[in-house]
Amino acid sequence: GVPGVFPEPQQDPVIAIAAVALRQGAREPFLRVVFTLLSCAPLRGATVRSFDSERDLLQVGFWGEKPRF
């Protein structure tokens, strides 16, 4: 991509999405997860799920499906 320009999907694939979930009033998150394109080194304290394609990575979600961790 070009600095200062919004990423173009054809040139700048999504390679990782991370999420941390915290219950209101809790001090520690109950979920730490990273979704990656291809493999990734283990991340201490987080669940890592890797996908073979950007399409598969972007189709994972908490919307409408029960996540399997």
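The questions and answers below deal with the fold, the sheet and a few single residues of a predicted model.

Q: What pattern of helix and strands does the protein follow along its sequence?
A: The secondary structure comes to one helix and three strands. Read along the sequence, the strands come before the helix, and the pattern is β-β-β-α.

Q: In what order do the three strands stand in the sheet?
A: The three strands form an open sheet with mixed pairing. β1 (16–21) and β3 (47–51) stand at the edges, each with a single partner strand, so one side of each lacks a neighbour in the sheet. From one strand to the next the twist averages 15°. The order is β1-β2-β3.

Q: Which pair of strands runs antiparallel, and which is parallel?
A: The sheet is mixed, so both senses of pairing have to be placed in the order β1-β2-β3. Six bridges join β1 to β2, and this pair is antiparallel. Five bridges join the parallel pair, β2 and β3.

Q: Which residue of β2 is the bridge partner of Ile-17?
A: β1 and β2 are joined by six bridges. In one of the pairs across these strands, Ala-16 has Thr-36 as its partner in β2. For Ile-17, the partner in β2 is Phe-35.

Q: Which residue in β3 stands opposite Val-33?
A: β2 spans residues 31–37, and β3 spans residues 47–51. These two strands pair in the parallel sense. The residue in β3 opposite Val-33 is Thr-47.

Q: How many of the seven residues of β2 are buried?
A: A residue counts as buried when its relative accessible area is under 20%. Thr-36 is found in β2, and its relative accessibility is 5%, so Thr-36 is buried. The strand is mostly covered, and the number of its buried residues is five.

Q: Which residues does Thr-36 touch, not counting those up to four places away in sequence?
A: Thr-36 belongs to strand β2 and is buried. One of the residues it touches is Ala-16, which is also its bridge partner. With neighbours up to four places away left out, the list is Ile-15, Ala-16, Val-48, Arg-49, Ser-50, Phe-51 and Leu-57.

Q: Which strand gives the most residues to the largest nonpolar core?
A: The largest nonpolar core has six residues: Leu-31, Val-33, Phe-35, Phe-51, Leu-57 and Val-60. Three of these come from a single strand, and that strand is β2.

Q: Is Ala-18 buried or exposed?
A: Ala-18 lies in strand β1, and it touches Val-33 and Val-34, leaving aside residues up to four places away in sequence. A residue is exposed when its relative accessible area is over 50%. The value for Ala-18 is 62%, so Ala-18 is exposed.

Q: What distance separates the C-alpha atoms of Phe-30 and Val-20?
A: Phe-30 is in the loop between β1 and β2 and is partly exposed, at 46% relative accessibility. Phe-30 touches Ala-21, Leu-22 and Arg-23, not counting residues up to four places away in sequence. Val-20 and Phe-30 are ten residues apart along the chain, and their C-alpha atoms are separated by 7.8 Å.

Q: Which two side chains meet in a salt bridge?
A: A search of the whole structure finds one salt bridge. It has an N to O distance of 3.5 Å, which is within the 4 Å limit. One partner is exposed at 54% relative accessible area, and the other is partly exposed at 36%. The two side chains are those of Glu-28 and Arg-32.

Q: What is the phi of Leu-38, a residue that is not a glycine?
A: Most residues other than glycine have a negative phi. Leu-38 is found in the loop between β2 and β3. Although Leu-38 is not a glycine, its phi is positive, at about 65°.

Q: What percentage of the 69 residues in the protein is buried?
A: The protein exposes about 5800 Å², and carbon and sulfur atoms supply 55% of that area. Buried residues are those under 20% relative accessible area. Of the 69 residues, the buried ones make up 13%.

Terms used:
Residues numbered from 1 in each chain as written. Predicted model: local features only at pLDDT ≥ 70, side-chain atom pairs only at ≥ 80, totals over all residues. Heavy atoms only, no water. Buried < 20%, exposed > 50% of the residue type's maximum accessible area, 1.4 Å probe, protein only. Helix = DSSP H or I, 4+ residues; strand = E, 2+ residues; numbered from the N terminus. Contact = heavy atoms within 4.5 Å. Axes fitted to C-alpha atoms, helices over the stretch in contact; angles between N-to-C directions. Core = buried A, V, L, I, M, F, W, Y, C linked by side-chain atoms within 4.5 Å. Areas by Shrake-Rupley, 256 points an atom, 1.4 Å probe, with all protein chains shown as cover.
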